[in-house]
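Subject: The structure I mentioned

Hi,

Here is the structure I said I would pass on. Have a look at it first, and then read on for what I found.

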Amino acid sequence: MTLHIAKPRPIMMHSARKTDLRAQFAALVYRVQNDKTQVLLITSRKTRRWIIPKGWPMSGLTPSEAAAQEAWEEAGVKGITHDAPVGSYFYSKTIKTRGGPMPMPVMTIVYPMQARKLASKYPEAGQRRRKWLSPKKAALRVKEPELAQILRKFDARLLR
């Protein structure tokens, strides 16, 4: 028996209320050196906490393509992005509304991306720091428990 997985399709955007559940797509950027997996963390622009590159859906791009675009803009990475996610996590993003700040729930779907090139000039260079870490050390630096679990379990050698 053969399992057939449909190729992801580009997303078509629809409007929603600001406080509805939203989706983001993230790139778990990795490399393998000396047979050991390393993942790339970046800092957020405002709070400077450690995160992975992520962003909103982009009309006309598949989720994994949107994740790859965010990896370029936020971390200066070009590489090979897998179409199958390695997991998802939730967090709450504070947004500005006419009634004041409000929490917006966000589900983030994580796509592994093998780094091929790390540029020194990219759209958000100078606004973020980036650091290669073992998945276990990276898990200790991120705030979101579900993302930490994804990082702890991640092993690039198991991707094929």
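Let me start with a small puzzle: is R45 buried, partly exposed or exposed? R45 counts as partly exposed, because its relative accessibility is 47%, and buried would need a value under 20%, exposed one over 50%. Please keep in mind that this is a predicted model. I'll come back to R45 further down.

**The overall picture**

The protein has three helices and eight strands. If you walk along the sequence, they come in the order β-β-β-β-α-β-β-β-β-α-α. There are 160 residues, and 41% of them count as buried. Take the contacts between residues at least 6 apart in sequence: 72% of these join residues at least 24 apart. As for the outside, the accessible surface is about 10,000 Å², and carbon and sulfur atoms account for 53% of that.

**Helix α1**

Next, have a look at α1, which runs over residues 63-75. Its 13 residues reach 18 Å from the first C-alpha to the last, close to the 18 Å expected at 1.5 Å a residue. Which of its residues are buried? They are P63, S64, A66, A67, E70, A71, E74 and A75. Looking down the axis of α1, you'd see these buried residues fall within an arc of 155°, so they line one face of the helix. That face has plenty of partners: the buried residues pack against β1 (22-33), β2 (36-43), β4 (54-55), β5 (77-81), β7 (100-118) and β8 (130-133). Just after the helix comes G76, with a positive phi of about 70°.

**Salt bridges**

Side chains of opposite charge can pair when their charged atoms come close. How many salt bridges does the structure hold? There are six, and I'll go through some of them here.

Back to R45, then. R45 forms a salt bridge with E124, with 3.9 Å between the closest N and O atoms. E124 sits in the loop between β7 and β8, and R45 in the loop between β2 and β3 (50-51), so the pair ties together parts that are 79 residues apart in sequence. Unlike the partly exposed R45, E124 counts as buried, at 11% relative accessibility.

R49 and E144 are another pair, at 2.8 Å from N to O. Here R49 is in the loop between β2 and β3, while E144 is in the loop between α2 (135-141) and α3 (145-153), so this bridge ties together parts that are 95 residues apart in sequence. R49 is partly exposed, with a relative accessible area of 26%, whereas E144 counts as buried at 7%.

Then there is R128 with E74, where N and O are 3.5 Å apart. This pair links distant parts of the chain, with R128 in the loop between β7 and β8 and E74 in helix α1, 54 residues apart. Both ends are buried: R128 has a relative accessible area of 11%, and E74 comes in at 6%. Through salt bridges that share partners, R45, E74, E124 and R128 are joined into one network.

**The nonpolar cores**

The largest nonpolar core has 24 residues, and the members touching the most others are L28, I52 and L151. Elements giving two or more residues to this core are β1, β2, β6 (87-97), β7, α2 and α3. Which element gives the largest share? That is α3, with four residues.

If you want one residue to click on here, try L28. Leaving aside residues up to four places away in sequence, L28 touches V39, I52, V86, V110, Y111, P112, M113, I150, L151 and F154. Apart from this core lies another, of 17 residues, including F25, A27, V77 and W132.

**One last residue**

K136 belongs to helix α2. At 59% relative accessibility, K136 counts as exposed, because the cut-off is over 50%. K136 and F154 are 18 residues apart along the chain, and their C-alpha atoms are separated by 8.8 Å.

That's what I have so far. Enjoy looking around!

Best wishes

Notes:
Residues are numbered from 1 along each chain as its sequence is written. This is a predicted model: local features need pLDDT of at least 70, side-chain atom pairs count only at pLDDT 80 or more; totals for chains, interfaces and linings use all residues. Side-chain values use heavy atoms; hydrogens and water are left out. The expected span of a helix is 1.5 Å times one less than its number of residues. Buried means under 20% relative accessible area, exposed over 50%, partly exposed in between (1.4 Å probe, protein chains only). The arc is that of the directions from the helix axis to the C-beta atoms. Contact means heavy atoms within 4.5 Å. A salt bridge is a side-chain nitrogen of Lys or Arg within 4 Å of a carboxyl oxygen of Asp or Glu. Accessible areas come from the Shrake-Rupley method with a 1.4 Å probe; for residues, only the protein chains shown count as cover. A nonpolar core is a set of buried Ala, Val, Leu, Ile, Met, Phe, Trp, Tyr and Cys residues joined through side-chain atoms within 4.5 Å.
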